[in-house]
Amino acid sequence: MPALNESLEVYVKSVTHEAKGILAYELRSRNDEDLPPFTAGAHIDLRMEAAPVRSYSLLNSPSDRSRYVIAISLNEKGRGGSIHIHKNLHCGDSLIITGPRNNFPLAEDAKHSVLIAGGIGITPIWSMAQRLTEIDAHWELHYGARSRDCAALLEVMENHPYSRAIHTCYSEGEQAEFLDLKAIVARDDGHMHFYCCGPAVMLEAFKEATREVPAERVHFESFSAEHEASLEGGFVVELARSGKSIEVTPGQSILDALLGQGIEVMNSCREGICGACEVRVLEGTPDHRDSILSDSEKQAGKTMFVCCSGSQGNRLVLDL
Ligand code: FES
């Protein structure tokens, strides 16, 4: 069995129309062996020819090792990954994936977990709901979508034994309503853990609503870059293990500069979402631009994502 984060060839067992503009892909190993384990909230990266590498959350339960299930929403304004996949990935096709990797883990010992999803952000959240059900933990789910037609996984939610813990709302139509995140978070009893995955506007509202909740009980994941990459350059990166010094010039990311000098660094999304390019910082102050680290982790400055983050000073020493 391959180690975590190695490339793995899988094939598409089935493609299902999940909702308007959303297709679900069930991926299995060619020899029907179990796939590498994952935890709820994990994602894999799809590596298809002629398409940018993109990360997709696994929506099935971690206890189901026979398959990885992802759902991909068509994004006409994106980098073209979803359009390419919808058009070109069919039943029976092989493809290369990497992962699973998890930047959005569950605190499984929480007394009560409040899961909040917007649009295609339901995918990691639904894996969490299944996991929490399996370990007999208390949870509730709030899911907002544009309309019923656009909401993925509705059928499985409506037939779930805890369907009463699932609240859906739709922002279009005569009875349009939005999730009231402030009201949801206001019920915090000091022990709840809050999770959110959704579009940038929802994440902003979630961060605002949970401002008073201790960071260790607030968890979120973005599926689009929240910040512009740092391409200002004008600093030097010293590599502690090899002793090399590499200049990062204006217009380059640190990752570009490293790859340009033949230094191999794992990378995937190149926009600070997937977590593949994380590197330990030994000296210097990063200019963090990722959507993964919490504010306190950014302040600690012990690690950085070199695809998008830069340097606040003229020198960084990295554990490479
Ligand atoms: S390559 Fe994905 S976070 Fe850097």
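Colleague: Which residues does glycine 233 touch, not counting residues up to four places away in sequence?

Modeller: Please bear in mind that this is a predicted model. Setting aside residues up to four places away in sequence, glycine 233 touches Val248, Thr249, Pro250, Gly251 and Gln252. For threonine 249, the C-alpha to C-alpha distance from glycine 233 is 4.4 Å, although 16 residues separate the two in sequence.

Colleague: Where is glycine 233 found?

Modeller: Glycine 233 belongs to the loop between strand 11 (218-222) and strand 12 (235-239).

Colleague: Is glycine 233 buried, exposed or partly exposed?

Modeller: One counts the other C-beta atoms within 10 Å, and a residue with 20 or more is buried, while one with 12 or fewer is exposed. Glycine 233 has 17 such neighbours, and therefore is partly exposed.

Colleague: Into which domains is the protein chain divided?

Modeller: The division gives domain 1 (8-101), domain 2 (112-222) and domain 3 (235-318). Between the C-alpha centres of domain 1 and domain 2 there are 22 Å.

Colleague: How should one read the contact between domain 1 and domain 2, and how many residues are in contact?

Modeller: In general, the size of an interface is often expressed as the accessible area lost when the parts come together. Here the description is a count of residues: 17 of domain 1 are in contact with 15 of domain 2. On the side of domain 1 that touches domain 2, strand 1 (8-19) and strand 5 (68-73) each supply at least two residues. Strand 5 gives the largest share, three residues.

Colleague: How do the residues of that side of domain 1 divide into nonpolar, polar and charged?

Modeller: The side of domain 1 that touches domain 2 has eight nonpolar, seven polar and two charged residues.

Conventions:
Residues are numbered from 1 along each chain as its sequence is written. This is a predicted model: local features need pLDDT of at least 70, side-chain atom pairs count only at pLDDT 80 or more; totals for chains, interfaces and linings use all residues. Domain bounds come from an automatic or database domain assignment. Two residues are in contact if their C-beta atoms, placed from the backbone, lie within 7 Å. Helices (H or I, at least four residues) and strands (E, at least two) are DSSP runs, numbered from the N terminus. Ala, Val, Leu, Ile, Met, Phe, Trp, Tyr, Cys and Pro count as nonpolar, Asp, Glu, Lys and Arg as charged, and the others, Gly among them, as polar.
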